[in-house]
Amino acid sequence: MVSMETLVSLCKRRGFVFQSSEIYGGIGSSWDYGPLGVELRNKIKRVWWRDFVQRRPDMLGLDASILMHPTVWKASGHVDNFTDPMVDCRECRHRFRVDQLAETPWVHYCPATKGNKFTIPAGEACSHCGAARTLCPDCGKGELTPPRQFNLMFKTLMGPVEEDAAVTYLRPETAQGIFVNFDNVLQSMRRKLPFGIGQIGKAFRNEITPGNFIFRTREFEQMEIEYFVNPHETVEGRPADEYWHDRWIEDCLAWFRRYGIQSDNLRLHEHARDELAHYAKRTADVQYRFPIGWSELMGIANRTDFDLKQHAKFSGKALTYFDEERKEHVVPYVIEPSAGVDRALLAFLADAYREEEVRGEKRVVLRFHPELAPVSVAVLPLLKKRDDIVRTAHAIRDELSRDLTVVYDDTAAIGRLYRRQDEVGTPYCVTVDVQTVGDSDKGEPADGKVTIRDRDSMEQIRVEAARLAQVIGDLLRGTAWAEVAAGAGRS
Ligand code: GAP
């Protein structure tokens, strides 16, 4: 598995992710997505939306605002319950989440070795004096304060005059925007249960210990679905909510596998009773084997009727569905698949990373699924001094870029250009050479063909430039390289 340092360095060097406000020394836990990062991110969101919202007859979309009525967060339980217990060091003032102390390596000045300083692995005792950690793990000297509950929501003031302004919050999850619009969507779109509402948007949490690159940040983006089911119905002999919970778990795992995540790097983690959020009947996390170890990639919770009932209680508006068959109003149960865009991006990046040896040289390649690759096609002229080659290459770039992310590059020799594209995961390079345009000095006619090079096999085929858009389209839609190669001549 690739290390986090290698990924962070690649991301910066090749324009995927930069430290936010870097020229001012950076700001903790905020990251900016560069030219390739934003393409990767947009493609992840686009395929998620297409597969889970657009293509499913039982799904609809929504884009709710980040700032909501403050009572939303009282009703949802976030004001009272969205807290982590934390402690502060009285010496160095560092702050820790209580539940993470046991997972943190600790600094120890050992009395049995004349006060020598050691860094002891998390959860272990000192092998010299046998002491367990009691002081601050970072400085090894300060006492820790008693635990206090710390609310993770970012407070903000709404309104131009600070004294009169209403305190509200930046949303810590997109989900509540869906719940408070349940009746609007139901009435405007006339849906029958079960149906779901999907949303992609930013969320904010004042995490006590953000870190591990883009894994845990204070500003992040979520792709969430609230799937409403009739709790009085059964499907295949099981309560509808339990049936749909399992279906969504399977669909989410299949989605990550479909876009290239290796099965061995995915697993399910069922929440134990004491781990469950205040609203959940059951939650299963999809975990990924990140460079930091197995950690949550997304959660799939059965939120029951908790949220709709709470919002009905606090708003005084009925949030029910009329079951025509049973002639009764019901409060739907909710299955919630909730994924982080940033964590998905980190997982796709880590999973795609390979170091290979090619003819005695190291090749770094990101084996992204073709639909996710930030750049779909790189167009490379073999000779940048030949006007006709350069003109043809630009024309190809212009044509392909109507539907695809395409780059043109003539700043190095072809071998170097291929390696550059491998390192950012471009699935196909198209080369325009002398044969394509012909050589009148030598009396060689143009054959009108270009070379397509496959990133993974490094094989090359020649196809007519006129058919290029069609061939590239087929490849990106999933036609196997071998099949396309069989229909063209290998070069
Ligand atoms: N509405 C349910 C909900 O928000 P969650 O498990 O707290 O559940 C869902 O968050 C997903 O959002 C996580 O699985 C993770 O992918 C992402 N996420 C949560 N907190 C995050 C953070 N601080 N930084 C990056 N991603 C985060």
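These exercises cover the ligand site and the two largest pockets of a predicted model.

**Exercise 1.** Identify which residues come nearest to the ligand, and give the polar contacts of R205, E207 and E296.

*Solution.* Step 1: the ligand has 20 residues around it, and E173, R205, E207, E224 and E296 come nearest. Step 2: take the side chains in turn. In R205, an N or O atom is 2.8 Å from a ligand oxygen. In E207, an N or O atom is 2.8 Å from a ligand nitrogen. In E296, a polar side-chain atom lies 2.5 Å from a ligand oxygen. Step 3: turn to area. The ligand alone exposes 550 Å², and the protein buries 91% of that.

**Exercise 2.** Find which element gives the most to the shell around the ligand, and sort the shell by residue class.

*Solution.* Step 1: β12 (219–229), β17 (293–304) and β20 (333–340) each supply at least two shell residues. Step 2: β17 gives the most, with five. Step 3: the classes are nine charged, six nonpolar and five polar residues.

**Exercise 3.** Locate the ligand among the pockets and describe the lining of its pocket.

*Solution.* Step 1: the ligand sits in the largest pocket, which holds about 1,500 Å³ of space. Step 2: 49 residues line this pocket, with R97, R205, R216, H271 and E296 nearest its centre. Step 3: β17 gives the most to this lining, with 10 residues.

**Exercise 4.** Characterise the second largest pocket.

*Solution.* Step 1: its volume is about 610 Å³. Step 2: 24 residues line the second largest pocket, and E371, D403, L404, L476 and R477 are the closest to its centre. Step 3: α2 (35–54) gives the most to this lining, with five residues.

Conventions:
Residues numbered from 1 in each chain as written. Predicted model: local features only at pLDDT ≥ 70, side-chain atom pairs only at ≥ 80, totals over all residues. Heavy atoms only, no water. Near = heavy atom within 4 Å. Polar contact = N/O pair within 3.5 Å; in protein donor to acceptor, adjacent residues only side chain to side chain. Areas by Shrake-Rupley, 256 points an atom, 1.4 Å probe, with all protein chains shown as cover. 1 Å grid on protein atoms, 1.4 Å probe; cavity = no way out; pocket = protein on both sides within 12 Å on 5 of 7 lines; lining within 4 Å. Sits in = over half its atoms within 2 Å of the grid points. Helix = DSSP H or I, 4+ residues; strand = E, 2+ residues; numbered from the N terminus. Nonpolar A, V, L, I, M, F, W, Y, C, P; charged D, E, K, R; others polar. Points joined across faces, edges and corners; volume = space filled by probe spheres on them.
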